[in-house]
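Student: I am new to this structure. Please pick one part, look at it closely, and then work outward from there.

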Amino acid sequence: MHLIIAEKNISANRIAQLLAGNEKVKATKDGNVSTYSFDTKTVVGLKGHVVEVDFEPGYTNWRSEVHTPRSLIDAGTIKKPTEKKIVNIIQKLSKKADLVTIATDYDTEGELIGKEAYELVRAVNPRVKINRARFSAITPAEIRAAFENLTDLDFALAAAGETRQAVDLMWGASLTRFISLAARRGGTNILSVGRVQSPTLAMIVNREREIENFVPQTYWTLSLATEKDGVPVEARHTAGRFTDHDAALAAEAGTKEPLVVTDVKEGQKNDRAPAPLDTTTFIVAASRLGLSAANAMRIAEDLYMNGYISYPRTDNTVYPKSLNLNGILETLRGGVFDKDVAWVQQHQRPVPTRGKKESTDHPPIHPAGAATREALGPDRWKVYELVVRRFLATLSPDATWATTKCLFDASGQPYTATGGRLLSPGWRRVYPYSEAKENILPVFAPGERLPINNVNLEEKQTQPPARYSQSRLIQVMEELGLGTKSTRHEVIGKLVSRRYVEGNPLRPTLVGRAVIDALDNHAETITEPEMTRTLEEHMQLIKQSQRSREDVVTESREMLHRVFDKLEAHEKEIGSEIMEQTAEEHTLGTCPVCGHDLRIRHLGVSQFIGCTGYPECRFNISLPGSTWGRAIRIEETCPEHGLAHVRLIRKGSPPWTIGCPLCSHIASNVEALRMMPSMTDDLVQRLHAHHIYTVSEIAGKQPGDLVATVGVDAKEAEQLIHEAEGALEVLRRRSELRKFIRKVVPPRKGRSHAKITKSLLEQGIGDIPALSRADPAALKKAGISDAGATELLEAARGLCNERTLREAGVPAVSLKKYQAGGVASPDDFCYLPIPYLSSKTGINPETVHKHVDMVCKHLGRKSPAKVTRAALERGQKELLEVPGIGETTVERLYLAGIYDAATLQEADPGEVSSITGIAKTKLHDYISHLK
Ligand SMILES: [Zn+2]
Ligand SMILES: [Zn+2]
């Protein structure tokens, strides 16, 4: 059997289909892992890495005295499986295999993944032949060629990957532990430090500092407006920026008619077609389409695995000779791009464009197969179209522009205007992503005189450098040798998820700054790109077998020991520097009551804003639980209260900006205050001035407190407290109503529970009893369907009934029996005859009488007479002796209060018939028998 191991399940499936050709591929599932078989071949997919490198056991305790953070530098490592099921299947199949081909992605990471698979195979089958298939696109031609030219695994390339893995683990784990322990952070709050991550973060922090320290300079620009044949023309003073205001004013004053054309230069400019896409240029181009780096790469990988584009992780910007460019053009014929492809085929440039970087592993990113918008969906199509159009552009002729540069003289002041006209659009025909803006000047001749319509002196300020966008940062990382084409976007993603940076463009958080500041002060090696770049260079040497893995790891280990020498000497300072700076992260401003700091506090899932003056000062503001998002401070501050604004952030959902916590606290409580009848605007103001914002605060006060603070007399104070208690009760009932609706009404898009409750409140329905009595029309107005309204009303009635009965004293056990017998409302208790209630529920008639009595008293109604069990049993016998009366009839008679011969004899047949549905003539018969 020939076993083929691919990088992922999806690529395994595709490779099997392509190799099988017309033959049918049999897919089998074994413990959730799919294998694809045909002929004598079986293809199975990994999940990227299926084993991971970790420290030998014994290093898990962070606070161990023996295994200090530094000890991790020299700790031994082991490989352990992370995908046990896949590992098991690979080894099961390997035992039967007589040939194994590794068909993972072709780059350092893919080679390492391949080597991991190689070791898994070797562990169970030491003699089987193992070879390697290398391809850059999962297309029929590439896959066929790869399997016709099988080679050996490149152990040097894999060793480079292993080196990086080892060094990253060593640096990341030891430094993360050291810094987190120094700053007393644990659990989910650890401060991670990494070989690539930290220098990247440092770049973002440094840029922020540049922006903050930037002192803007004022400068002036001068322009004039003229025209020819009605066409307006703007000309700029040739001095460009004036930094001296007087000079600018003098030039403005000197600008006078006549305006004379002194020189006209016509020229032509070549506008070169863009170079082929490598990973970085691809991410930059995709970011213009609104895709984040991580998203763009995720989609590109998906397109690659489905055979639509070539391998998207590449540093190459030069098409290799072996790439069949015309073949790819042919593949694209007939689809949406047919016209564009035909045009390119007719006008194809003799040699495709080429970028600065050339490598031999993968070609630049290019289309590999035809696709349709319908098959791909909007986002994948956007990326696919970009790759196709870029490919077409690289084969298209350059665009050419006709340029004009005019010089003018305005009484000694020199001005200039430039124009451009697109002569031939070339590649721009097929690549519409960058706009070509024409500026066509009228035809001027030297010596020509023109009017000056307007002179415009503008004051401007120099701008600080811009923050890095994700795609710009990836470009700079590449220039500095930080990370690789495969890891750069992941590093940025990690910085975001660890809350070191936020937003796009990227801004450091206070924690991010604190960590970088502390590292900069005590161990700058970690934040400077040199160390990381050196390692990338060493990896290149390992790939070329010029250095060994052990050698490079040892060197890195020694460097890390030197870093620890410095760190350990300053552990206390580092810790306190970080802690001081990050405490600031939670501080919102001063407490309005006592002047101490107000801080965001997190306690498990609950979070609130509390005063650092606690317990003397009990001022606090509640926040939604952290399931709604973790509360963080943002830059804006409230002009009224001087407090920083608060935002809730949750992974995968848009942030919820609360704004000034005190403003929002006041706004959400003012309505409740106004529910108190004696509340006036003036009183609200006075309460606020004394930091009393909620009805529950008023309800919790002593009358004396209110007299002393808000200036009311003792009687008014008591009245206020009483009213506050009333308002609290109304609020309690409202919140109960809200919870009830949330429980009963299923959520639906565009119909929030808050909206429903609000509409009900507006219609005067403020609690569950009011809801149970509501008109269905009111529910409909609140956006609930007819069926939903019936269900909601029934549920509300049921709940109210149950509550009344419980309040009356009916025990819960009996209540269940009544409900099971269809007796649910207090009215049922008061109006249904006791014999009927007893027979329906199986409860002893004397007990039923006790319950009925309680309910009637509770509702202020008259209780019915008692019926004993003996009377009921005797009565049943009497009734059953009457010819024609069976047990069913007895039950029906109970409903009319007839339970023995005497009650039957006294009955009015007309009335009984209408209650029980028994025919009047029959009732007459029964009664006549008794007589
Ligand atoms: Zn306080
Ligand atoms: Zn405010």
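Tutor: A helix here is a DSSP run of H or I with at least four residues, and helices are numbered from the N terminus. The model is predicted. Start with Glu301, which lies in helix α9, residues 293-305. Is Glu301 buried or exposed? Its relative accessibility is 18%, and buried means under 20%, so Glu301 counts as buried. Setting aside neighbours within four places in sequence, Glu301 is in contact with Lys8, Pro312 and Arg313.

Glu301 also borders an enclosed space. This is the second largest cavity, lined by Lys8, Asp105, Glu301, Tyr304, Met305, Tyr311 and Arg313. Lys8 and Arg313 therefore appear as contacts of Glu301 and again in the lining of this cavity. The space in the second largest cavity comes to about 40 Å³. Its lining has four charged residues, three nonpolar ones and no polar ones.

How many cavities of 30 Å³ or more are there? The count is three. The largest cavity holds about 80 Å³ of space. Helices α5 (155-182), α17 (529-543) and α18 (549-569) each give at least two residues to the lining of this largest cavity. Among the lining residues are Val167, Trp171, Arg195, Met531, His538, Glu555 and Met559. By class, the lining of the largest cavity has six nonpolar, three polar and two charged residues.

Pockets are open sets rather than enclosed ones. The second largest pocket has a volume of about 1200 Å³. Of the 34 residues lining it, Ser668, Asn669, Leu731, Ser735 and Arg738 are the closest to its centre. Elements that supply two or more of the lining residues include strands β21 (620-622) and β24 (653-659), and helices α20 (661-674) and α24 (714-744). The lining of this pocket divides into 15 nonpolar, eleven polar and eight charged residues.

The elements β24 and α20 lead to a metal site. The zinc ion (ligand 2) is coordinated by Cys638 (SG), His641 (ND1), Cys660 (SG) and Cys663 (SG), at 2.1 to 2.3 Å. Cys638 lies in the loop between β22 (630-637) and β23 (644-650), while Cys660 lies in the loop between β24 and α20, so this pair ties together parts that are 22 residues apart in sequence. Along the chain, the donor residues are spaced C-x2-H-x18-C-x2-C. The angles among the four donor atoms run from 107 to 114°, which makes the arrangement tetrahedral. For reference, the ideal angle for four tetrahedral donors is 109.5 degrees. Cys638 counts as buried at 5% relative accessibility, and Cys660 counts as buried at 4%.

The zinc ion (ligand 1) has a donor set made up of Cys591 (SG), Cys594 (SG), Cys611 (SG) and Cys617 (SG), at 2.2 to 2.3 Å. These donors follow the spacing C-x2-C-x16-C-x5-C. Cys591 sits in the loop between β18 (587-590) and β19 (597-603), and Cys611 in strand β20 (606-611), so the pair joins parts 20 residues apart in sequence. This site is tetrahedral, with angles of 96 to 113° among its four donor atoms. Cys591 is buried at 4% relative accessibility, and Cys611 is buried with a relative accessible area of 5%.

How values were computed:
Residues numbered from 1 in each chain as written. Chains lettered and ligands numbered in written order. Predicted model: local features only at pLDDT ≥ 70, side-chain atom pairs only at ≥ 80, totals over all residues. Heavy atoms only, no water. Donors = N, O, S within 2.8 Å, 3.2 Å for Na, K, Ca; no water. Tetrahedral: all angles 85-135°; square planar, octahedral: opposite > 155°, others 65-115°. Buried < 20%, exposed > 50% of the residue type's maximum accessible area, 1.4 Å probe, protein only. 1 Å grid on protein atoms, 1.4 Å probe; cavity = no way out; pocket = protein on both sides within 12 Å on 5 of 7 lines; lining within 4 Å. Points joined across faces, edges and corners; volume = space filled by probe spheres on them. Nonpolar A, V, L, I, M, F, W, Y, C, P; charged D, E, K, R; others polar. Contact = heavy atoms within 4.5 Å.
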